[in-house]
Structure formats: structure tokens, C-alpha cells
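Please open the model in your viewer and keep the sequence alongside, since each stop on this tour begins with a selection.

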Amino acid sequence: MIKIKSHSDFVIFFDESGKLASDKVQLMGAVGLPSNIYFSDKYLMMRELNKVYNLHWKDYKGDGKQREGIIKVFQKAHSLAKYTTLNFIRYFSSSLSQRVKKYDHAMESTDKSILYEMIYSKLPERIIYGILRGYGNSDWLKVSINIEDACEYRVINLGENLKRQLNLHSLYRGESFIVDDCEYRKKGEEVGVELTDILLGIVRTILENNAATSRRKRAQIQLIIYLLQNDLLQPFIKNMKLFELRNSAELIEIDMLSCVNMFISQNYKLLSD
């Protein structure tokens, strides 16, 4: 495990689920919490679980060991959840592309990269600022951001851009946080990134609310139901803000508990399986 800088006061983990325009649900999000709590000895066993288990939601198809690992993460993180802040945004690239077409028409040109740049420059910044806003009202809060390593993030220099833009936001808006470092984390490096990956995957599955038509989908749905039945997911949902961004600049807050109820209704017959 690579240790995040010990002098940071607050740690944030960022990831996404559903990158393709054809995906029914496209989701970005971050989980933040105080560094001294995350790195306390109490959660040492949780932080080591990614050395033993594959903790990536999209890979889960019902494998017994992987299921065990995901359940253990939530069991070990259960008391940690109350210290977390989760901020997720569901966006619709098809709707946003309509705005880009109007932009291209006004500019009398076509910029094929502007939609991609808009999504990956503005949404991560907005998500993380939503977590940090209001922290460190008197003393400066030093923040460490951790992003799952992906070539598309490196190509656009997401880490360095996020660090600079968030620090500019802090100064401009009179906040008292400083993003001290923004690092890419490979699989198995930092369990906080993998917990964020799992939470995003779970929320995406709930929002999709598809029928269990495949072995993989059935396994994922059954695992979510197990986590709900054992009150392992609710502490995170309680601290989660979920927004939608369509074809306007306004973020619309979504009631996640209502989405969970609809998901349970759709899959009620699996509750006793």
C-alpha cells in the first residue's frame, strides 16, 4: 500500500462508472473523509483487503471469493461511513452533446474534443468542490485527492488541472482548503479508490434498475440486496448526495432512497433467493 502524504488533513477518492455515451447511466463521484480517521489503526485491516481480493465492481460476476471481499470491505468500513461525504453526479452525454452542437453552430466550426474536455474538466471539479465547500473555515485544510489510474485521465492531465482549479476556487470563493497533491492510484494500491469504485458501481446498478437477465447482473443485484438487508450500504447512502446534469447548467438533486425502493420493488422476488 502506498501511503498518502501524512500531512494531508482530508483525503478524497475519485472515480467514474459508465464512460460510454451508449451506457444507460453515466456516473462520476467522489468519497471524502478526514485522513487521520481513514489511516487510523482501526481501519488497517480494511485498507489491506485489496491485497487479497479483487474489489472492482465491473469484474464481479458471482465469484465467491470476490463476493466475500466486497462484503468484508463494507463490514470493515461500516463504522467509517459516518465520517464520509459522498458526492455523485449522473450526467447525460447525449443531452450535453446537443449543447455542443449549438456551440459549434454559433462558432461556425466543429470541435470534436470539446464535449469530452467539458465533462472531464468541469464535472470532477464540481464533484470535489461540493465535498470541500465549507471545510476549514478557520484553519487551512490540506487535501489529498486520489484518482483511479486511467490513460484518459493522464492524457488530459486531470490530476494537475483539478489541483489548480480547486485551489483557485478556494481562493476566489473565500474557502480555506488547499489541494496539496492529486495522485493516480493503480488497482490494488489504495482501497479507498476501490471502495469508491464499488459504491459507484452499486449506485449505477440501482439507477439502471434492469432485470436480472444475465448471470453477472443477477449476481450484482443479489449482492446489493444482501448489503441492504444487512444494513451495510445504508450508512453510505445516508451521507450521499446524488445529482443529475442534463442539458442545463443546473444540478438537480435526486432522492437516492426513492431509487433504492424502486430497485427493491423491481427485484423483490430475489429477496428470498
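Begin with the strands of this predicted model: seven of them form an open sheet with mixed pairing, and across the sheet they follow the order β5-β4-β1-β2-β3-β6-β7. Colour residues 177-185 and 252-254 next, which are β5 and β7, the edge strands, each of them pairing on one side only. If you look along the sheet, neighbouring strands are turned against each other by 25° on average, with direction ignored.

Now select residues 85-91 together with 240-245, that is, strands β3 and β6, which run parallel and are joined by six bridges. Within this pair, asparagine 87 can be found opposite lysine 241 of β6.

Add residues 191-208 to the selection to bring in helix α8, which lies across β1, β2, β3, β4, β5 and β6 and runs at about 45° to β1.

Which residues touch the most other members of the largest nonpolar core? This core has 53 residues, and those to display are Tyr38, Phe74, Phe88, Leu199, Ile202, Leu233 and Met256. Helix α8 supplies the largest share of the core, namely ten residues. Centre the view on phenylalanine 74, and, leaving aside residues up to four places away in sequence, you will find it touching Leu195, Ile198, Leu199, Ile202, Leu227, Leu232, Leu233 and Phe236.

For the last stop, select Phe10, Met28, Tyr129 and Ala150, which are among the 30 residues of another core that lies apart from the largest one.

Notes:
Residues numbered from 1 in each chain as written. Predicted model: local features only at pLDDT ≥ 70, side-chain atom pairs only at ≥ 80, totals over all residues. Heavy atoms only, no water. Pairing = 2+ DSSP bridges. Helix = DSSP H or I, 4+ residues; strand = E, 2+ residues; numbered from the N terminus. Axes fitted to C-alpha atoms, helices over the stretch in contact; angles between N-to-C directions. Contact = heavy atoms within 4.5 Å. Core = buried A, V, L, I, M, F, W, Y, C linked by side-chain atoms within 4.5 Å. Buried < 20%, exposed > 50% of the residue type's maximum accessible area, 1.4 Å probe, protein only.
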